[in-house]
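Biologist: Please take me through this model feature by feature, with the general idea before each case.

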Amino acid sequence: MGNTRRGRQNINMLLVVLIGFCVLAIIEIVYGQAQMKVERERLDLEEQNRQAVEELKEEWRSLREGSSVVTAESEAAPAASEADQEETPEKITKQETVKKDTKEEKKEEDAPKEEDDRDYSMQIVILGDSIMDGDRTESGAADIIGEQLDAKIYNMSMGGTTAALLPNDQYNFATWESRSLLGVVHGILGNINTDIFDGYAAGEVLKTCDFDKTDYFIIEYGVNDFLTKQIPNSRYLEGGDTLAIDEAHTYTGALHDAVSRLKARFPDAGILIAAPHYCQVFNGNTFIGDGYSLDYGYGPLITYARGAGYVAGQFEGERVFFFNAFEESGIDADTADEYLADGIHMTPLGARVYAEKLAKIIHNDYAPEE
């Protein structure tokens, strides 16, 4: 009997242990399923957030009037250049010049604009890319410059343009098609057919601005020249070698040509060259490099900025000024998240910091006693 009782007790203990294991197994299964459900929900939420962000970015890009400086693309397609992007100017992804095509936008475009008959302190003409063209509201750099200086602004900037001619562009007035800085200058001087600017704000400025009344020209280019991977900073290479191309197909050569022609035609106007500012380049969400590290064969972006300073120095004593935006605008690796919307284009706060420093240079020349 004693043995039988002990046997039953052992069996009962085994049953208890087995039941305990079963309960633990069930708890583990339930807990695991709960974890899987939570993880699925988290992933779904992340995907929804990602899609929402992408939709907002796309909507923001589509609303921009003529977008932008070219942004770095995947290596599958050669880096979008301002030239390529005049048809297609993206976080540095692709951003391009686009024309308004909806009926509502067309109505707004065709609506008569109120005459601005204010008595401004000065007249400023801006030649540039999407840094000046991308935001034409009061939060954009061009309007902030006007506000700071009480200036009438004629903004001839066009997103998706370079200072220099692209490799296949010919320096021929009769067949001219480039909307680069050199194209804009020759349009102002009446050397080329200006129909190439139809549909752009620059085309309207050409028809309405009396350039002889200009107190200052602001020239802002360089990021797109760099991102095309096709436009050298200069013909002259380290070591003494020279590229077999003409100056107009280089960044600094085009700047020099443009400044020379503007000074010859408008000798009393000041000219302010704004160097390209610090940028970060992305392929989608992948960081590729920044203005110090990324080099497409002609030096990083900072060399283009310093090249702009070199050009300004060639006109010493002729009221040609230099804004070293790359190193002195306040936009750098530490402030990029706050001042840059996509690695290249500025947030409203970045635009204000940039524009106020640029305006100060003009103010110091216009009213040095203040």
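Modeller: Start with Arg319, which is partly exposed at 31% relative accessibility. Buried stands for under 20% relative accessible area, exposed for over 50%, and partly exposed for what lies in between (1.4 Å probe, protein chains only). The model is a predicted one, where local features need pLDDT of at least 70 and side-chain atom pairs count only at pLDDT 80 or more, while totals for chains, interfaces and linings use all residues. Residues are numbered from 1 along each chain as its sequence is written, and side-chain values use heavy atoms, without hydrogens and water.

Biologist: Where in the chain does Arg319 lie?

Modeller: Arg319 is in the loop between helix H9 (301-313) and strand S7. Helices (H or I, at least four residues) and strands (E, at least two) are DSSP runs, numbered from the N terminus.

Biologist: What is phi at Arg319?

Modeller: Most residues other than glycine have a negative phi. In Arg319 phi is positive, near 60°. Lys229 also has a positive phi, near 65°; this residue lies in the loop between helix H7 (223-227) and H8 and is partly exposed, with a relative accessible area of 26%. Asp150, just after H4, takes a positive phi of about 50°.

Biologist: Which residues of helix H4 are buried?

Modeller: In H4 (residues 141-149) the buried residues are Ala141, Ala142, Ile144, Ile145, Gly146 and Leu149. They pack against strands S1 (122-128), S2 (151-155) and S3, and against helices H3 (130-133) and H12 (348-366). Contact here means heavy atoms within 4.5 Å.

Biologist: On to strands. Which residues of S4 lie on one side and which on the other?

Modeller: In a regular strand the side chains alternate between the two faces of the sheet. In S4, Gly270, Leu272 and Ala274 are on one side, with Ile271 and Ile273 on the other, and all are buried. That agrees with the count for the strand, where 5 of 5 residues are buried.

Biologist: How many bridges join S3 to S4?

Modeller: Two strands pair if DSSP finds at least two bridges between them. S3 and S4 run parallel and are joined by 5 bridges, with Ile271 in S4 as the bridge partner of Phe217. S4 also pairs with S7 (residues 320-323), over 4 bridges in the parallel sense; there Leu272 stands opposite Phe321 of S7.

Biologist: In which sense do S5 and S6 run, parallel or antiparallel?

Modeller: S5 (residues 280-283) and S6 are antiparallel, with 4 bridges. Gln280 stands opposite Asp290 in S6. The two strands form a hairpin with 2 residues between them, and Gly284 in the turn has a positive phi of about 70°.

Biologist: How many aromatic pairs does a search of the whole structure find?

Modeller: A pair of aromatic rings is described by the distance of the centres and the angle of the planes. Rings of Phe, Tyr and Trp (its six-membered ring) pair if their centres lie within 6.5 Å; planes under 30 degrees apart are stacked, over 60 edge-to-face, and the rest tilted. The search finds 13 pairs. In one of them, Phe217 and Phe266 have ring centres 5.4 Å apart and planes at 45°, so this pair is tilted. The two rings link distant parts of the chain, 49 residues apart: Phe217 is in S3 (residues 216-220), and Phe266 in the loop between H8 (251-265) and S4 (270-274). Phe217 is buried at 0% relative accessible area, and Phe266 is buried at 8%.

Biologist: Which residues do ring pairs link into a cluster?

Modeller: The cluster is made of Phe226, Tyr251, Tyr296 and Tyr304. Tyr296 lies in the loop between S6 (286-290) and H9 and is partly exposed at 21% relative accessibility. Its C-alpha atom is 7.8 Å from that of Leu227, 69 residues apart along the chain.

Biologist: How many disulfides does a search of the whole structure find?

Modeller: A disulfide is a covalent bond between the sulfur atoms of two cysteines. With the cut-off of 2.5 Å between the sulfur atoms, the search finds 0 disulfides. Cys209 is buried at 9% relative accessibility, and Cys279 at 3%.

Biologist: What pLDDT does the protein chain average?

Modeller: pLDDT is the predictor's confidence in each residue, from 0 to 100. The chain averages 82, and 71% of the residues score at least 70. Over residues 63-68 the pLDDT is below 50, and this stretch has 33 contacts in the model beyond near neighbours in sequence. Residues 71-112 also stay under 50, with 114 contacts beyond four places in sequence.
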